[in-house]
Amino acid sequence: MHASSSGMTGVGAPAPYGTPLRGRRFAWGQRLLNLFLRQDQRSSRPDELSRYRIVTIAALTQLPMSVLYLASMLSVPGTGFQRTLASVCIVAYGMTLVLVRTSSSPLYPSLLLCSMLTSAYISAGLYMGNPMAATHVAATLIPLLAFFLLGSRGGLIFSIIMGLYALVLQPLVMAKFDLWSSTVSGGQAITGNLFAALCIIGVWALSFTHSRARDKAQRALEQTLKELRDGEHKLSSVLESTDDIVCSIDPQGRLLTSNSAHRRWFSLIFGQAPRLGEPLAVPSFLERHPEFTQQFARALQGERVRIEAVYPQGDSSTAFEFSLNPITDEQGQIAGVTIYGRDVTARRQAEARLSELHRNLLETSRKAGMAEIATGVLHNVGNTLNSVNVSATLVVERLHGSRVPGLLRATELLRDKAPELDTFLTRDERGRVLPEYLLAVSRQLAEEQATMLAELKALTKNVDHIKSVVRMQQEHARFVGMVEQVTLPELLDDALRLHATSFEQLGIQVRREYSSSLPPLLVDRHKLLQILVNLLSNARHALLDSQRPDKRLTLRVALLPEEQVRIEVSDNGPGISPENLPRIFNQGFTTKKSGHGFGLHASALAATEMKGSLTCTSAGPGQGATFIIDLPLTPEQARA
């Protein structure tokens, strides 16, 4: 096993089976062959190194055999040809060894060796006159050696030479070049030579077929190995370039692979570098993670395990999220566990900031909702006060124009004339018209009384409306944040009452499509009222901008499956364009000139807090809009 600082670390590839034994058994032979090879030849490609070694072995085996043969022929008379042939072979084999040492390719020593073997075999066979010499096994071994050393073309040339020798040259020499001799035309020798030639060519054909298949397989193997190396390099580059922790361990808990991020953080946190082949759970690791053994066992059972850990780093701390994922082999068995770790410190800090912003947003939303309701209350109270002022002014004007003073003078006159009342009423001009005057004044006073009673009744009604608006606001403000049982029709009526006067003045027709028999709703009254007031206010502004005569606002309530209720606020105003619809609830987005883009965003958040939702639909510009509130009927249903 080894560790690499430049790439993904891992377990080194094991040596082929039996390599150490063969190395010890044939070490002396390899050292002997290395004496005839240069350093660059010993480090050449495996196929080229094999050719160098085969040529060297063949030359080393033939050279002493030729020397021994020459020595044995020195004392034998009439062996001049044999001695000459042996001497030539000795020189050729020696030159082969020299060429092996000096040449840059095994081609030339191989060509010399094969040429010498072929020439010597043919010359010896022709000289000895043995008709079966071509059928010797060496006749096929020489083309095989040439095929291995020189390739398919070189092997074909020597196969043709040996085939011509067996089929043509040997029979002709035996018949002394008499084509009509029986030695050439028939007999066991010619049959054997024919089969020998066919075997030589057949051996080459088989070797060629095997070579082509081997070369094809070798190219495929090399391509596969290249792709594997490229894939391994890319994977190693990816794992090494990431800041995430990546490592793998075997079923015994020993570390198999480790990227640079894992090595860096492991050394920083646990005070020692991780070592491949050794257990990952060192004592300092188990001291911080005593639960790791159980989690690792769960991962070995095929379960994906997620862990979060926080490591103090001086004045700060670093948070990591780890996942243990099982590794399976080709049979689907668990072969180990891969551990991925990611630094989530920044994410946690962002979540904390987001939580704080959310709390601030909720507080701002609550204040904005209170301001929205207060604005509605003040608006409606102001409109009612206008009516109160009109009624009071009318009463004052009526009182100023009243004929009560004239009635008072008439009664004073009657009092003064009481002693002579009969004479005054019958003879005095003023007395004769006094009864008609009193009747006219009485009628006028009766009319004034009826008028002022009507105005006072309207005034009292408006004052009661102001009192109810203020009282309703106080009731809603008193129970902020409390979940209580709410009668939905009454809450909707309250929301409409806050805008009743403005709806009447703008000529907005309000449709209530809900019944009083709806089940009660457990909800935060203030939040739901805040949403309804905001939606009704937006609908009022939209209908005001539409300039259409048939302004219509519809409130609709329906029960949904799974214990939910749906509230719809629809208008036939200018509608919402498709490009604006996805952004309608974004903070700061508004289509009103004087809008702040906060109301709908705050309403959506309030609906979410109540475990519900606020959505919007619109068929497009000029088609109106519908805002939909979906809420659970009970908090238990919301938690479910």
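Start by selecting strand 12, which is mostly covered: eight of its eight residues are buried. Show the side chains and look at the two faces in turn. A625, F627, I629 and L631 are buried on one side, and T626, I628, D630 and P632 are buried on the other. Keep in mind as you go that this is a predicted model.

**The neighbours of strand 12**

Next, add strand 10, which runs antiparallel to strand 12 and is joined to it by eight bridges. To find one of these pairings, pick E568, whose bridge partner in strand 12 is I628. Now bring in strand 11: five bridges pair it with strand 12, again in the antiparallel sense. Here you can click on C616, whose bridge partner is F627.

**The whole sheet**

Where does strand 9 go? Select residues 552-560 and you will see strand 9 running antiparallel to strand 10 (residues 564-571), with eight bridges between them. L559 and its bridge partner V565 in strand 10 make a handy landmark.

With strand 7 added, you have an open sheet of five strands with mixed pairing, in the order 7-9-10-12-11. Strand 7 (509-513) and strand 11 (613-617) are the edge strands, each pairing on one side only. Ignoring direction, neighbouring strands here are turned by 15° against each other on average.

**Helices across the sheet**

Turn on helix 19 (residues 525-546): this helix lies across strands 9, 10, 11 and 12, at about 20° to strand 10. Then show helix 20 (residues 599-609), which lies across strand 11 and strand 12 and runs at about 135° to strand 11.

**The cores**

Which residues have the most contacts inside the largest nonpolar core? Select L488, L528, L553 and F627; the core has 43 residues in total. Among the elements that each supply at least two of its residues are helix 17 (488-498), strand 8 (521-524) and helix 20. Helix 19 gives the largest share, nine residues.

Zoom in on L488 and you will find it touching L518, L521, L528, V557, V565 and I567, leaving aside residues up to four places away in sequence. For a second, separate core, jump to Y52, A120, A134 and A196, which are included among its 33 residues.

**Confidence**

Finally, colour by pLDDT. The chain averages 79, and 81% of the residues score at least 70. Residues 1-23 are below 50, although this stretch has 33 contacts in the model beyond near neighbours in sequence. Where pLDDT is low, the predicted coordinates should not be read in detail.

Note on methods
Residues are numbered from 1 along each chain as its sequence is written. This is a predicted model: local features need pLDDT of at least 70, side-chain atom pairs count only at pLDDT 80 or more; totals for chains, interfaces and linings use all residues. Side-chain values use heavy atoms; hydrogens and water are left out. Two strands pair if DSSP finds at least two bridges between them. Helices (H or I, at least four residues) and strands (E, at least two) are DSSP runs, numbered from the N terminus. Axes are lines fitted to C-alpha atoms, for helices over the stretch in contact, and angles run from 0 to 180 degrees between N-to-C directions. Contact means heavy atoms within 4.5 Å. pLDDT is the predictor's confidence in each residue, from 0 to 100. A nonpolar core is a set of buried Ala, Val, Leu, Ile, Met, Phe, Trp, Tyr and Cys residues joined through side-chain atoms within 4.5 Å. Buried means under 20% relative accessible area, exposed over 50%, partly exposed in between (1.4 Å probe, protein chains only).
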